[in-house]
Amino acid sequence: MTWDACTLVGPWPFARLRYESAADLLRLLERAGIARALVSPLAGAFQQDPGPANQELAAQVACHRDRLLLAAACNPAWPGWQRDLRQAQDDLGAVGLRLFPSYHGYQLGQAEVAALAALAADCDLPVFITLRLQDERLHPPAFLVSAVPWEEVAALAQAHPGTRFVMSMGRFAELIPALRQTAGTGNLYADIAGVQGPTRCLDRLVAEVGADRLLFGTELLFQYAAAATLKVEHSGLSPRDRQALCMGNLQRLLRPA
Amino acid sequence: MVEQAVAELGAKRVIFGSDAHGVDLPAALGKVLDAEITPAQRRQVLGGNMADLLAKRSGL
């Protein structure tokens, strides 16, 4: 069974996506054989106040809680984020938080992020940090957005060992040093949605950092699901590592002992 | 994106390329296998067009 740690739903401001709704996501997950997915609103990256985007998505997934779990968009640089975080958990059923630091214009070393990390730990919510939404070479000329440096993510995780973080949409060369640097605290995970290479990338990742902090992810509705599922199918991972990557790790992350 | 390439250029002018070893071959292949194009178009993209090109070049 496979759980997807990285899906996004909603319109992309710069191009018409083929699919945009939670219903579309459910259909594509079904086709790819993915049982459950964590989903966040894409609009949450572009609106300073992501509250309305969270509410809209929560309404779409309300009837599908067995398949879709909300990771609410959160902007700690926006006033009232603490209230929004509590509401996302209590009223919308969010099981995680997703940050878009480059899109909301803050660094992970800022005080607001430390406060968010502390509150997330209190609320027992994992924090997904979006390194990028698309390859930097493909950005519209008037909207160039830098990737979040992996060093900032690793430093944040080390500074808050009681909070669980996920580095989302990082590349192969970013995952390895970040996961190595946080081996001691063990509270940083990474999804593989942004890992497209090199050849046999999953085998090499597991050889370098182990399988226990890696999460399967597709980046649907932005990317093709088969690009992720075939990476796993054609890898040489052991049944144990495959189970951990595809479901066990995310299950553990969402339901800690 | 594959759908757009096929729609804009025509399936006869789109050729699969993996960028291996920089990209994992299954990840590259997955984009074409998952694309919503016809089976005939998929065959063209995944090899038919390249075979035609090489045949013209080498007379095979």
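**Exercise 1. A:Phe222 and its aromatic neighbours**

Determine whether A:Phe222 is buried or exposed, and then work out how the ring of A:Trp12 is placed relative to the rings of A:Phe14 and A:Phe222.

*Solution.* In this predicted model, local features need a pLDDT of at least 70 and side-chain atom pairs count only at pLDDT 80 or more, whereas totals for chains, interfaces and linings use all residues. Residues are numbered from 1 along each chain as its sequence is written, chains are lettered from A and ligands numbered from 1 in the order in which they are written, and side-chain values use heavy atoms, with hydrogens and water left out.

Step 1. A:Phe222 has a relative accessibility of 19% and therefore counts as buried (buried means under 20% relative accessible area, exposed over 50%, and partly exposed in between, with a 1.4 Å probe and protein chains only).

Step 2. Counted over all chains, there are 8 aromatic pairs (rings of Phe, Tyr and Trp, the last by its six-membered ring, with centres within 6.5 Å; planes under 30 degrees apart are stacked, over 60 edge-to-face and the rest tilted). One of them joins A:Trp12 to A:Phe14, whose ring centres lie 5.5 Å apart with planes at 80 degrees, so this pair is edge-to-face. A:Trp12 is buried at a relative accessible area of 8%, while A:Phe14, at 36%, is partly exposed.

Step 3. A:Trp12 also pairs with A:Phe222, again edge-to-face, with 4.7 Å from centre to centre and 75 degrees between the planes. Because A:Trp12 lies in the loop between strand S1 (3-9) and helix H1 (22-32) of chain A, and A:Phe222 in the loop between strand S8 (214-215) and helix H9 (225-233) of chain A, the pair ties together parts that are 210 residues apart in sequence (helices are DSSP runs of H or I with at least four residues, strands runs of E with at least two, numbered from the N terminus).

Step 4. These three residues belong to one aromatic cluster, which is formed by A:Trp12, A:Phe14, A:Phe46, A:Tyr103, A:Phe143 and A:Phe222.

**Exercise 2. Helix H9(A) and its partner in chain B**

Establish how many residues of H9(A) are buried, and describe how H9(A) packs with H2(B).

*Solution.* Step 1. Of the 9 residues in H9(A), 8 are buried, and the helix is thus mostly covered; the buried ones are A:Ala225, A:Ala226, A:Ala227, A:Ala228, A:Thr229, A:Leu230, A:Lys231 and A:Val232. Their packing partners are H1, helix H8 (201-209) and helix H10 (239-254) of chain A, together with H2 of chain B (contact means heavy atoms within 4.5 Å).

Step 2. The axes of H9(A) and H2(B) are 7 Å apart, and the helices pack at an angle of about 135 degrees (axes are lines fitted to C-alpha atoms, for helices over the stretch in contact, with angles from 0 to 180 degrees between N-to-C directions). That makes H9(A) oblique to H2(B) (under 35 degrees is roughly parallel, over 145 roughly antiparallel, 65 to 115 roughly perpendicular, and the rest oblique).

Step 3. From H9(A), A:Ala225, A:Ala226, A:Ala227, A:Leu230 and A:Lys231 take part, and from H2(B), B:Pro26, B:Ala27, B:Leu29, B:Gly30, B:Lys31, B:Leu33 and B:Asp34. By class, this contact of H9(A) with H2(B) has 8 nonpolar, 1 polar and 3 charged residues (Ala, Val, Leu, Ile, Met, Phe, Trp, Tyr, Cys and Pro are nonpolar, Asp, Glu, Lys and Arg charged, and the others, Gly among them, polar).

**Exercise 3. The helices of chain B**

Describe the elements of chain B and the mutual orientation of H2(B) and H3(B).

*Solution.* Step 1. Chain B has 3 helices and 0 strands, and from the N terminus on its elements run α-α-α. Its C-alpha atoms fill a box of roughly 30 × 30 × 15 Å along the principal axes, and 32% of its 60 residues are buried.

Step 2. Helix H2 (residues 25-34) and helix H3 (residues 39-58) of chain B have axes that come within 10 Å and cross at roughly 155 degrees; H2(B) and H3(B) are therefore roughly antiparallel to each other.

Step 3. B:Leu29, B:Val32, B:Leu33 and B:Asp34 of H2(B) meet B:Arg42, B:Val45 and B:Leu46 of H3(B). The contact of H2(B) with H3(B) divides into 5 nonpolar, no polar and 2 charged residues.

**Exercise 4. The surroundings of A:Leu188**

Locate A:Leu188 and name residues that it touches.

*Solution.* Step 1. A:Leu188 is placed in strand S7 (residues 188-191) of chain A and is buried, with a relative accessible area of 0%.

Step 2. Residues up to four places away in sequence being left out, A:Leu188 touches, among others, A:Val153, A:Phe165, A:Met167, A:Leu179 and A:Arg213. A:Arg213 is 25 residues from A:Leu188 in sequence and 7.1 Å away in space, C-alpha to C-alpha.
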